[in-house]
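Work through the exercises below with the sequence and the structure at hand. Each task is followed by a solution in steps.

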Amino acid sequence: MALRKKALDAAILSNRRVGTEIYRLEINCPFLTQEGVPGQFIQVRIDGMGLLLRRPLGIAEAYSATGTVAMYYRIVGKGTAALAEMKPGQTVNCLGPLGKGFSLQAERPLLIGGGMGIAPLLFLAQRFQGKAAVLMGGRNKAEVFWSDFFAPAAKEVFITTDDGSAGEKGFTTALLPTLLEKYRFDVLFTCGPDIMMRKIWEIADKADVPCQVSLERHMACGLGACLSCAIDTADGGRKKVCQDGPVFWAQEVF
Ligand SMILES: Cc1cc2nc3c(=O)[nH]c(=O)nc-3n(C[C@H](O)[C@H](O)[C@H](O)COP(=O)(O)OP(=O)(O)OC[C@H]3O[C@@H](n4cnc5c(N)ncnc54)[C@H](O)[C@@H]3O)c2cc1C
């Protein structure tokens, strides 16, 4: 069944800094709260900066009761820098929801995020309604500020930092085998740097635990037309991250 998508002007309700160079953008868009599922993304048009292309951002929170959606973004270039200047009351045009989201069949889900890949897992944790555990990794304590956001939605939150300033010292992949052994998770859901997700998949595969990965690629249209996000798949085929993904079963793409 084709999912519904629309381009709509959405009023900005708040746009505030929550971490180093990281912002939370909250918009009013009841349509996206009704149609969006975890893992899907929105193509945001940032007007007035001469930017031709929309910028893709994952849906990180969606509340149908209030019609509000939140996205988290890191300032990396001119689009995200311009977005950070936008104020409540202004509008952004949002095209979405786009792509295929996570398959939610799991009894003991473990969500594993690294860097900005942690953001879309928040929506997933909320949909699992207290059933999911979360493992998040960052370089230092400042990068894992997300734990407070996850606490109401997650069963447990495990943290690793490269420098040991919060949680266990090391990468998420160092802690994962112990967690799999101890908690018997039945599906892993991961979003973050490719290198992290590949290693997670290797560990999951050895432990015979299925794993879904959310890929991030440069994309222009987000609608499957421009092919700029096409990737090679494990079976020798090609897939479009924007339309066939961004969520895939790990064995399809790694
Ligand atoms: C499906 C999807 C979901 C995403 N969700 C989020 C999210 O929730 N939060 C978030 O902060 N970011 C997210 N991103 C990345 C985000 O779209 C880019 O950071 C943003 O478009 C950069 O725009 P810009 O104009 O600020 O930077 P630009 O000026 O366009 O680029 C600045 C730098 O960032 C790099 N860059 C731009 N886009 C990407 C990309 N897609 N992948 C890797 N590097 C890129 C460029 O190569 C360049 O080095 C997502 C990307 C995709 C494909």
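## Exercise 1: the two domains

Task: state how many residues of domain 1 are in contact with domain 2, and describe the side of domain 1 involved.

Solution. In this predicted model, 19 residues of domain 1 are in contact with 17 residues of domain 2. Next, assign the domain 1 side to its elements: strand 1 (6–19), strand 3 (41–45), strand 4, strand 5 (61–63), strand 6 and strand 7 (91–98) each supply at least two of its residues. Then sort that side by class, which gives eleven nonpolar, five polar and three charged residues. For the bounds, the domain assignment places domain 1 at 6–98 and domain 2 at 109–253. Finally, take the centres over C-alpha atoms: those of domain 1 and domain 2 are 21 Å apart.

## Exercise 2: the sheet

Task: give the strand order of the open sheet of seven strands, and identify the strands that stand at its edges.

Solution. The order is 4-3-7-1-2-6-5, and the pairing is antiparallel. Strand 4 and strand 5 each have a single partner strand, so they stand at the edges and one side of each lacks a neighbour in the sheet. From one strand to the next, the twist averages 35 degrees.

The pairings can now be taken one at a time.

- Strand 1 with strand 7: the two run antiparallel and are joined by six bridges. D9 has N93 of strand 7 as its bridge partner.
- Strand 1 with strand 2: the pairing is antiparallel over seven bridges. R16 has R24 of strand 2 as its bridge partner. The two strands form a hairpin with two residues between them, and E21 in the turn has a positive phi of about 65 degrees.
- Strand 2 (residues 22–28) with strand 6: seven bridges join these antiparallel strands. Y23 has Y73 of strand 6 as its bridge partner.

The last step adds a helix. Helix 3 packs on the sheet and touches strand 4, strand 5 and strand 6. The direction of helix 3 makes about 40 degrees with that of strand 5.

## Exercise 3: the ligand shell

Task: locate the ligand relative to domain 1 and domain 2, using the residues of the shell around it.

Solution. Start with the count: 22 residues surround the ligand, and the closest are G58, Y73, G77, G79 and T80. Y73 has appeared already, as the bridge partner of Y23. Now list elements that each supply at least two residues of the shell: strand 4 (55–58), strand 6 (68–74), helix 2 (78–84) and helix 3 (119–127). Domain 1 (6–98) and domain 2 (109–253) both give residues to the shell, so the ligand lies between them. By class, the shell has twelve nonpolar, five polar and five charged residues.

## Exercise 4: the surroundings of F189

Task: decide whether F189 counts as buried or exposed, and name the residues it is in contact with beyond its neighbours within four places in sequence.

Solution. First place the residue: F189 is found in strand 12 (residues 187–191). The cut-off for buried is 20 or more other C-beta atoms within 10 Å. F189 has 30 C-beta neighbours inside 10 Å and therefore counts as buried. With neighbours within four places in sequence left aside, F189 is in contact with F102, P109, L111, L121, L124 and Q212. A last distance concerns V247: F189 and V247 are 58 residues apart in sequence, and their C-alpha atoms are 9.2 Å apart in space.

Definitions and conventions
Residues numbered from 1 in each chain as written. Predicted model: local features only at pLDDT ≥ 70, side-chain atom pairs only at ≥ 80, totals over all residues. Near = placed C-beta within 6 Å. Helix = DSSP H or I, 4+ residues; strand = E, 2+ residues; numbered from the N terminus. Nonpolar A, V, L, I, M, F, W, Y, C, P; charged D, E, K, R; others polar. Domains from an automatic or database assignment. Contact = placed C-beta atoms within 7 Å. Pairing = 2+ DSSP bridges. Axes fitted to C-alpha atoms, helices over the stretch in contact; angles between N-to-C directions. Buried ≥ 20, exposed ≤ 12 C-beta atoms within 10 Å, placed from the backbone.
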